[in-house]
Amino acid sequence: MAQQGLRALVTRPREAAEALAAALAARGIEAVVEPLMQVHYRTPAALDLAGVQAILCTSANGVRALARTSKEREVLLLAVGDATAACARSEGFSAVESAGGGITDLVRLAAARLRPQDGSLLHVAGDVVAGDLVEALGERGFRVEKHVLYEAQPAKALGPATVDALRRGAIDFAFFFSPRTAAIFAQLAVAAGLVRCCAKITAFSISRAADATLADLPWLDRRVAERPNQSALLVALDRVLCERATG
């Protein structure tokens with residue numbers, strides 16, 4: 001299924017983009033990494049985990065921020081998806097479970113796995129969070145404390161190399177992992193006069209919410225992952241590659 005000469009815009013932070021870039025390279029697609037958010041970790045006082053039965057992490061950035069803040073590695077950590085869970089294991093957390101999807105899946109896992117009377121939950125979060133995990137679990141009787149341990153600041157402009165590639169029509173695909181990054185791209189594309197350049201690009205979004213944010217741009221095509229994770233995005237990509245090969 002290797003496709004020579006194709007390029008894909010990857011809008012994740014560089015550290016998070018490595019696995020996707022490798023998966024694209026295996027398909028003969030060059031990754032153009034253009035982080036649309038810069039992560040800045042906060043340095044709060046040490047977290048008090050007394051009485052906490054589980055930690056909830058909704059991103060790999062949250063896991064990294066937690067690892068910087070606390071040396072505790074044995075408290076149960078529930079991760080929103082497989083990539084976040086893998087990051088937690090790589091940081092030394094010994095009891096990790098993945099919800100394998102999005103916020104709704106994480107709520108479902110926590111409700112099935114835990115009991116409100118067994119202790120509080122700690123939600124490690126960024127300054128901007130999609131979905132209200134605290135409210136959703138609060139409705140199920142859990143006490144959830146949210147700690148903001150990092151900030152994700154939006155890029156102010158697209159990089160020169162990315163702008164040049166877009167103007168030359170050298171980008172075939174674009175990947176978006178959140179409604180926020182999709183919105184940032186849309187804003188920066190408009191500001192740089194690149195709206196028409198999207199007409200040659202197929203956009204892949206991790207969720208319908210992210211896809212909806214891209215709706216005002218004239219994409220060649222838009223696809224949404226069947227599950228909110230990178231593996232499902234790659235399945236969507238493979239489907240498009242097969243369609244091109246047989247079309």
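Two strands count as paired when DSSP finds at least two bridges between them. Keep that in mind as we walk through this predicted model, beginning with a spot where C57 stands opposite A79 in β5. That contact belongs to a set of four bridges joining β4 to strand β5 (residues 76-79), and the two strands run parallel.

Let's stay with β4 for a moment. Strand β4 covers residues 52-57, and six of its six residues are buried. Besides β5, β4 pairs with strand β7 (residues 120-126), again in the parallel sense, this time over five bridges. If you want a residue to click on there, try I55, which stands opposite L122 in β7.

Zoom out and you can place these strands in a bigger arrangement. Six strands make an open sheet, ordered β3-β8-β7-β4-β5-β6, and the pairing is mixed. At the edges sit β3 (37-41) and β6 (96-98), each of which pairs on one side only. Going from one strand to the next, the twist averages 25°. Where does an antiparallel pair turn up? Look at β3 and strand β8 (residues 144-154), which run antiparallel and are joined by five bridges. Within that pair, Q38 has Q153 in β8 as its bridge partner.

Now for the helices around β4 and β5. Together with helix α2 (residues 60-69), β4 and β5 make a β-α-β unit, and that unit is right-handed. In general, two packed helices are described by the angle between their axes and the distance between the axes. For α2 and helix α3 (residues 82-90), the angle is about 20° and the axes are 8 Å apart. Since angles under 35 degrees count as roughly parallel, α2 and α3 are therefore roughly parallel to each other. As for handedness, α2 passes α3 in a right-handed crossing.

Between α2 and β5 there is a loop, and V75 has its place in that loop. Is V75 buried or exposed? V75 is buried, at a relative accessible area of 16%. V75 also gives a feel for distances across the model: measuring from C-alpha to C-alpha, V75 and G247 are 51 Å apart in space, with their positions 172 residues apart in sequence.

On to another sheet. Five strands form an open sheet in the order β2-β1-β9-β10-β11, with parallel pairing. β2 and β11 stand at the edges with a single partner strand each, so one side of each has no neighbour in the sheet. Here the twist averages 20° from one strand to the next. Further in, strand β9 (residues 173-176) runs parallel to strand β10 (residues 202-205), and four bridges join the two. One of the places to look is F175, whose bridge partner in β10 is F204.

With the sheets in place, the charged side chains are worth a tour. Side chains of opposite charge can pair when their charged atoms come close. How many salt bridges does the structure hold? The structure holds 14. Take R7 and E30, whose side chains meet in a salt bridge at 3.2 Å, N to O. R7 lies in strand β1 (residues 6-10) and E30 in strand β2 (residues 29-33), so this pair ties together parts that are 23 residues apart in sequence. R7 is partly exposed, with a relative accessible area of 24%, and E30 is partly exposed too, at 42%.

Then there is R27, which forms a salt bridge with D238; the closest N and O atoms are 2.6 Å apart. This pair links distant parts of the chain, with R27 in the loop between α1 (14-26) and β2 and D238 in helix α9 (residues 230-246), 211 residues apart. Why do both partners count as buried? The cut-off is under 20% relative accessible area; R27 comes in at 17% and D238 at 18%.

Helix α9 has another charged contact to show. The side chains of R223 and E243 meet in a salt bridge at 2.7 Å, N to O. R223 lies in strand β11 (residues 221-224) and E243 in helix α9, so the pair ties together parts 20 residues apart in sequence. E243 counts as partly exposed, at 38% relative accessibility. Finally, D105, R108 and R227 are joined into one network by salt bridges that share partners.

Notes: Residues are numbered from 1 along each chain as its sequence is written. This is a predicted model: local features need pLDDT of at least 70, side-chain atom pairs count only at pLDDT 80 or more; totals for chains, interfaces and linings use all residues. Side-chain values use heavy atoms; hydrogens and water are left out. A salt bridge is a side-chain nitrogen of Lys or Arg within 4 Å of a carboxyl oxygen of Asp or Glu. Buried means under 20% relative accessible area, exposed over 50%, partly exposed in between (1.4 Å probe, protein chains only). A crossover is right-handed if, with the strands pointing away from the viewer, the path from the first strand over the helix to the second runs clockwise. Axes are lines fitted to C-alpha atoms, for helices over the stretch in contact, and angles run from 0 to 180 degrees between N-to-C directions. Angles under 35 degrees count as roughly parallel, over 145 as roughly antiparallel, 65 to 115 as roughly perpendicular and the rest as oblique. A crossing is left-handed if the near helix is turned anticlockwise from the far one by less than a right angle, and right-handed if clockwise.
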